[in-house]
4 protein chains.
Amino acid sequence: MTFTFNNKQVYYEVHGQGKPLIILNGIMMSTKSWAQFIEPFTQFNQLILVDFLDQGQSEKVTQQYDHSLQVDVVIALLEHLNLGKVNVYGVSYGGQIALQVALKRPDLIDKMCLFNTSDETSYWLSEVGHAWNKATHDGEAYYLTTIPIIYSPKFFNENREWMENRKKILVDVFSNQDFIDSMVRLTKSSEPYNVSDQVHKIKHETLIVGCEYDFVTPYYQQELLHEKLENSNLVFVPDSGHALMYEKPTLFVSLVLGFINNNKTEFTL
Amino acid sequence: MTFTFNNKQVYYEVHGQGKPLIILNGIMMSTKSWAQFIEPFTQFNQLILVDFLDQGQSEKVTQQYDHSLQVDVVIALLEHLNLGKVNVYGVSYGGQIALQVALKRPDLIDKMCLFNTSDETSYWLSEVGHAWNKATHDGEAYYLTTIPIIYSPKFFNENREWMENRKKILVDVFSNQDFIDSMVRLTKSSEPYNVSDQVHKIKHETLIVGCEYDFVTPYYQQELLHEKLENSNLVFVPDSGHALMYEKPTLFVSLVLGFINNNKTEFTL
Amino acid sequence: MTFTFNNKQVYYEVHGQGKPLIILNGIMMSTKSWAQFIEPFTQFNQLILVDFLDQGQSEKVTQQYDHSLQVDVVIALLEHLNLGKVNVYGVSYGGQIALQVALKRPDLIDKMCLFNTSDETSYWLSEVGHAWNKATHDGEAYYLTTIPIIYSPKFFNENREWMENRKKILVDVFSNQDFIDSMVRLTKSSEPYNVSDQVHKIKHETLIVGCEYDFVTPYYQQELLHEKLENSNLVFVPDSGHALMYEKPTLFVSLVLGFINNNKTEFTL
Amino acid sequence: MTFTFNNKQVYYEVHGQGKPLIILNGIMMSTKSWAQFIEPFTQFNQLILVDFLDQGQSEKVTQQYDHSLQVDVVIALLEHLNLGKVNVYGVSYGGQIALQVALKRPDLIDKMCLFNTSDETSYWLSEVGHAWNKATHDGEAYYLTTIPIIYSPKFFNENREWMENRKKILVDVFSNQDFIDSMVRLTKSSEPYNVSDQVHKIKHETLIVGCEYDFVTPYYQQELLHEKLENSNLVFVPDSGHALMYEKPTLFVSLVLGFINNNKTEFTL
């Protein structure tokens, strides 16, 4: 399905019934990335998938934008769906958008799951982004510059055949100039991102998950976020990289499913 | 409710409906320890609480026994209830019993959640147990020898008033000779425990949770268990001690609830 | 050798020549604990060992005191020796005294090595101390309550024969009423200890070493100390407990030796 | 100074006197990288610096080679210098060469310090290397692809001005085709590297140092190496990346200095 935001078509899907859960994608992902997760996530919940502008089946945006565009896309979608408070799972780019939706429209959100998220694009991460944007001249260069730091070294090594297959597919995708142009814009849209002074205002029940070998949003950033968000819980996943949902899918689903469907968060010590 | 096992009354409770979840207590716990957890755990599941022999409202056992007695209690209860495969959550002593039930009667178990569990009573842990058994002369000595190593230092410090209240209650409990006698027997029942060479046979989907400041079953033992159990997932909880369920109750419930109710464990990479 | 402090005899030893290094003992230690370390520590340095009052060959103190007594012992000894600035290595109790000497007489100290140290006796640690003081009725109870939390579980298990021998020796020592009385006083002397609001004033070059399985001064306390001490360096030793010097003696010596003898601490980035 | 190996000039420097210490460079380093470290490392030791072939002031090698060439360079240099057993510090590429020298000529080595080293070039690391080799078209691309994963994110952010200066210098260096060609050859020379089945033969006293945010040779590889090397000690440095010597120079010097100059490695428990 699509809806129109500022004359742009935004693609989204709604699956199943129950307390709503919206998934906000990482930068290279799309609604299609979640195909295998629709089944477990619709067991108790209505699942909303959405492609950010410049992602998947949503419309491209040819002029450079920043996060505020995507934040407004999410808010518009939630208002359009009119589901009351929804649970939000965001990963990386999606977690950053989730934090900003929570700041701008706290009334739209019930619980949040923030996985591999940071509250700013640090100088370091912006330079990593610049490396990505410098590797757009050939699909393999783009693959090699981005993918090995997204998966944990162990996963990468232990699933070599799968990675090699994925490489073939992704090199093709990354050789498509339109795709790469949108990746560059998405990457640039994160550059000014910094809500480090604001996130302490967020009071939603939040699950923060960090991973041992996350080389994009290193664990200490999850610790910082946990310190700032009063009603947050922190979990550390050993032996995973930035791509937890693919590296440890069963654990990933369990963490989200359990947190958003647990109806009791007040315990008397 | 009770049922009779070898002429001994075993106390148990059944709450709610859904895929069954049985909770196996830690050594100092009882069915009453879970009062606040009945609500969230019955949202999707039938919850079975049970007092091991020598625990809570189950009958005392005056002769020394080992784990095999409690393993058989659990098996007998599950047969008595006749619920098919059940999910098991075990913590510490309860996790050790869970491992042995899984080895003896794998057919009775669906998924397992093993929190703060080890596959043996090491020489070190047996000496810790000996310290406990040497501190039975007065309730406060027993409290001081056991409780500060069960909670994480940070939790203990940050919840001083609650700990002081709890101390009053527990010193009373620990001054009761019958209670202490049963604690000594329960502790001694763990002494010969060692399934380190057998746990690799367990194929159940398992969630292993270890805690940063667990001074009873230190994290490396959870790592070892994870290495041996083929279908296990490992989570590390920062800033918690051995008593995760009290230190971080929301997170605790989420982890169990999500793992046992996630109906999909096969993902195509 | 001895010198007199407030009419009490303080035992100390001076070995070798070079930049001076004074070792401040942990609570159960004495100058004798360092017998094997004299050789490596005198390779480049003059080594000063000292028994705190109520320790080893120093005089007993029958009235309860607090840390300030031991701080003044160290200051008096350093003035007595008149060596100029000395390097200090302190472990646990000795590290706490070192911090207080550094606050009271910063002019006496060159570099500091603080191993397994905290800047306060937390409520938790004071309760642990109370457990020790409750276990004084029999030497084995005292051993079991103290020693297993001082060594890491892995070391304890992997060196079972050595631990069993040590147990025999220590149960004897701990059955000596005089020794136990002094242990109780030493333990109580730490109870009011809290320099958490002052340590930020310390500007000495400092090496802070924390250990993964330190169940007495858990690692997070070393992190806190590192955050507060501007000119500090932090090292984490995997697989060691509170007793690093016995668990990993070669590594222990290397860390101290390298830090105090490195003559360059200013580098241009 | 230079000596000739296979008709190639190898540049090296000898500084000071004492038990010899040879430093084996990381891939992007040279003898010049150690300018500030000569002073502290010559306090007790004779320091030998050397540029591998294709590094610094040593001769370029136009045909592709593998590690065995550099291993033989080091052996030839040590034979040329005829110093007896030397201590070796190797970082990353240099640590890998050190391991191979230890395997081929154990008689030439006394103690080893292996920092940020692995015993193989995993599939993952080889893909990272391919990313580097794909970024040779422009100096800035090469900088952005390599440098941000060599320093820890925190160091990078907290020393922004220094990093920006360094960027200017390095982009210039990386724009030099000769330099980049040698970098490509050095990177490729590591590709077949795998001594994972042999390192257990190494019996030298070894200090293994791993860093929390090492995104090139992640910490688990240091753990693996430690498990395999019988006489090794393992240290974990929090908050450092792959470039420990620049991120924490004082600590770096202390670790090496202490380990190689500690003359006692046998302790009776």
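**Exercise 1.** In this predicted model, find how many residue pairs are in polar contact across the interface of chain B and chain A, and which elements of chain B take part in the touching side.

*Solution.* Start with the polar pairs: 11 residue pairs, both partners at pLDDT 80 or more, are in polar contact between chain B and chain A. Next, look for the elements of chain B that each bring at least two residues to the side touching chain A: helix H1 (38-41), strand E8 (232-237) and helix H11 (249-261). Of the elements, H11(B) gives the most, with 10 residues. Finally, sort that side of chain B by residue type: 21 nonpolar, 12 polar and three charged.

**Exercise 2.** Work out whether the distance between B:Glu39 and A:Lys264 fits a salt bridge.

*Solution.* The N to O distance for these side chains is 4.0 Å. The cut-off is within 4 Å, so the pair counts as a salt bridge. Two salt bridges are found across the interface of chain B and chain A.

**Exercise 3.** Describe the area buried between chain B and chain A, and name the three residues of chain B that supply the most.

*Solution.* Together the two chains bury about 3,300 Å², with 60% on carbon and sulfur atoms. On chain B, the leading three are B:Gln36, B:Phe267 and B:Leu269, which supply 21% of the area this chain buries against chain A.

**Exercise 4.** Now turn to chain D and chain A: how many salt bridges are there?

*Solution.* The count is six. Among the side chains that pair up this way are D:Glu140 and A:Lys134, at 3.5 Å, N to O. As for residue types, the side of chain D that touches chain A has 18 nonpolar, five polar and nine charged residues.

Key. Residues numbered from 1 in each chain as written. Chains lettered and ligands numbered in written order. Predicted model: local features only at pLDDT ≥ 70, side-chain atom pairs only at ≥ 80, totals over all residues. Heavy atoms only, no water. Buried area = accessible area lost by both parts, 1.4 Å probe. Polar contact = N/O pair within 3.5 Å; in protein donor to acceptor, adjacent residues only side chain to side chain. Helix = DSSP H or I, 4+ residues; strand = E, 2+ residues; numbered from the N terminus. Nonpolar A, V, L, I, M, F, W, Y, C, P; charged D, E, K, R; others polar.
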